[in-house]
Amino acid sequence: MEPYFILALFGHGYKARTSTLYHLLKGKRTTSVLLYGFLYDNLRFFQLTPELTERQFNKMLNQLFEQKLLQLDGGSEAQITDQGLQVFRQISYFYEHLDNYRFGKTDVAIWRLLQFTVQVVSHLSYTDKNYIPLEQSPLYQQQVKSLLRSLPKAQLIKASKQEWQQIFSFLPKEQANFFARQFSGYHTIGKTSAQLLEPELNKLERFLTVKDALHQLLALILSLEENSLLRKLILPYIKQNENQSMNETSQYLKYNLSLDELAKQRNLKKSTVQDHLLELALASDFPFEQYLSEESEISLNKLVTPYQNWIYQEEKQKQPQLDYFEFRLYQIKKLKEEREADK
């Protein structure tokens, strides 16, 4: 399974640089790596295997080459074969909802907090203080204490129950049971995810199954109303996955500043601000029109799709005035429009 999982990075069907995909799995947070992940719809795998060595990665690639599931192109790029696509389609359900770029840094911590919150609210509803808390860490203890102070007891219990019922109603029954059976509460001891998974799954399959399910759950919680109990509880943890300096830059977008003005306000190099804006454009609503000139849009609109095949160096030779930042921004804009239309 381990080598086959690498096929997921090539499931898009385009040629891709193997070295960049390795850096993506490791979690190298550079603009070029993040852009590459976005172009090939691989951002969800960002920092999924930070302990993976380059030697291990290359060994898996070689196995896939030998089995003719991947083909090498020019020594630095690889592409999935028809035979590889058949194998890929059989394993893709392990990461249908995976989004490690958005959730990976704090997903485990969030799940622990959610389990602890359910336990505390459950015992609170029975006015029972005689139990061993799941978490002893001051971090989790403080979070739950803040939650308990946020609403009157009866309102807190009712809101918690209603929101979990709403979340579970959005999930398939099997998936909802997978989470519900891990909860501890009044006269209830939850099971571990390992106890609930199919025994025939190997280590990587178990890892991906849990990650995929948890990320689906987190996405559903974030889709709740803005003032919902669970959404407010996990949002600070979600924010920790983001580039904090980039978030500071995002606060200035509402002022319609030029690039030079924005760099001056942030006291940063213009290139750093451009990196921030490109990453913001990848994962959020972004004012593309604010930083894309009409001239660039007109010239780039003449290029043929697919957008993944665009190479800046080649276009720069044809259009010497072409700006790299605007080239990438336009590429992101069009891909987002295309993917939104395909939903």
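User: What is the handedness of the crossing of H9 and H12?

Analyst: In this predicted model, the crossing of H9 and H12 is right-handed. A crossing counts as right-handed if the near helix is turned clockwise from the far one by less than a right angle.

User: Which residues make the contact?

Analyst: H9 brings Trp 164, Ile 167 and Phe 170. H12 brings Leu 217, Leu 220 and Ile 221. Contact here means heavy atoms within 4.5 Å.

User: What makes this contact nonpolar, polar or charged?

Analyst: Check the residue types. Trp, Ile, Phe and Leu count as nonpolar. The contact of H9 with H12 therefore divides into six nonpolar residues, no polar and no charged.

User: Why is H9 called oblique to H12?

Analyst: Start with the angle. The axes of H9 (residues 153–170) and H12 (residues 203–222) cross at roughly 125°. Roughly perpendicular covers 65 to 115 degrees, and roughly antiparallel needs over 145. The crossing angle of roughly 125° fits neither range, so H9 is oblique to H12. The two axes come within 10 Å.

User: How do you know how much of the chain is buried?

Analyst: Buried means under 20% relative accessible area. Of the 343 residues of the chain, 47% count as buried.

User: What does the chain expose?

Analyst: The chain exposes about 18900 Å². Carbon and sulfur atoms supply 49% of that area.

User: What does the secondary structure of the chain come to?

Analyst: The chain has 20 helices and three strands. Its C-alpha atoms fill a box of roughly 75 × 55 × 35 Å, taken along the principal axes.

Notes:
Residues are numbered from 1 along each chain as its sequence is written. This is a predicted model: local features need pLDDT of at least 70, side-chain atom pairs count only at pLDDT 80 or more; totals for chains, interfaces and linings use all residues. Side-chain values use heavy atoms; hydrogens and water are left out. Axes are lines fitted to C-alpha atoms, for helices over the stretch in contact, and angles run from 0 to 180 degrees between N-to-C directions. Helices (H or I, at least four residues) and strands (E, at least two) are DSSP runs, numbered from the N terminus. Angles under 35 degrees count as roughly parallel, over 145 as roughly antiparallel, 65 to 115 as roughly perpendicular and the rest as oblique. Buried means under 20% relative accessible area, exposed over 50%, partly exposed in between (1.4 Å probe, protein chains only). Accessible areas come from the Shrake-Rupley method with a 1.4 Å probe; for residues, only the protein chains shown count as cover.
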